[in-house]
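Colleague: Please take a close look at a single part of this model, and walk me through how that part fits with what surrounds it.

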Amino acid sequence: MLTDNSFCVGQRVIMRKPHACGADEWVITRTGADVKIKCTGCGRVVMLDRGAFMKAAKKLLTEVNENEEQ
Ligand SMILES: [Zn+2]
């Protein structure tokens, strides 16, 4: 579950459950009330509402280490 609400398009995110293709890393392609993510393994696009996305996500991958959130 994400606690940081400041994710943005282009960021990578690891979901709690790996995708059916085996990849667990996704790229955010749209944010807003709904969040669109694209699987880096197979290219599948999934749209979730923001709350569901934040629950389903495990970790946000960011180059900028602003906080030490695990
Ligand atoms: Zn996939």
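Modeller: Two strands are taken to pair if DSSP finds at least two bridges between them, and the strands themselves are DSSP runs (E, at least two residues; helices are H or I, at least four), numbered from the N terminus. This is a predicted model, in which local features need pLDDT of at least 70 and side-chain atom pairs count only at pLDDT 80 or more, while totals for chains, interfaces and linings use all residues. Residues are numbered from 1 along each chain as its sequence is written.

The part I have chosen is β3, residues 34–39. On one side, four bridges join β3 to the antiparallel strand β2, residues 25–30, and here K38 has V27 opposite. Three residues lie between these two strands in their hairpin, where G32 adopts a positive phi near 145°. Strand β4 (residues 45–49) also runs antiparallel to β3, and five bridges join the two, with V46 of β4 standing opposite I37. Their hairpin has five residues between the strands, and in it G43 takes a positive phi near 85°.

The side chains of β3 alternate: V35, I37 and C39 point to one face and are buried, whereas D34, K36 and K38 point to the other and are not. Buried means 20 or more other C-beta atoms within 10 Å of the residue's own, exposed 12 or fewer, and partly exposed in between, with C-beta atoms placed from the backbone.

The largest nonpolar core (buried Ala, Val, Leu, Ile, Met, Phe, Trp, Tyr and Cys residues joined through C-beta atoms within 7 Å) has eight residues: F7, V13, W26, V35, I37, C39, F53 and A57. With three residues, β3 gives the most to this core. In soluble globular proteins, nonpolar side chains tend to be buried together.
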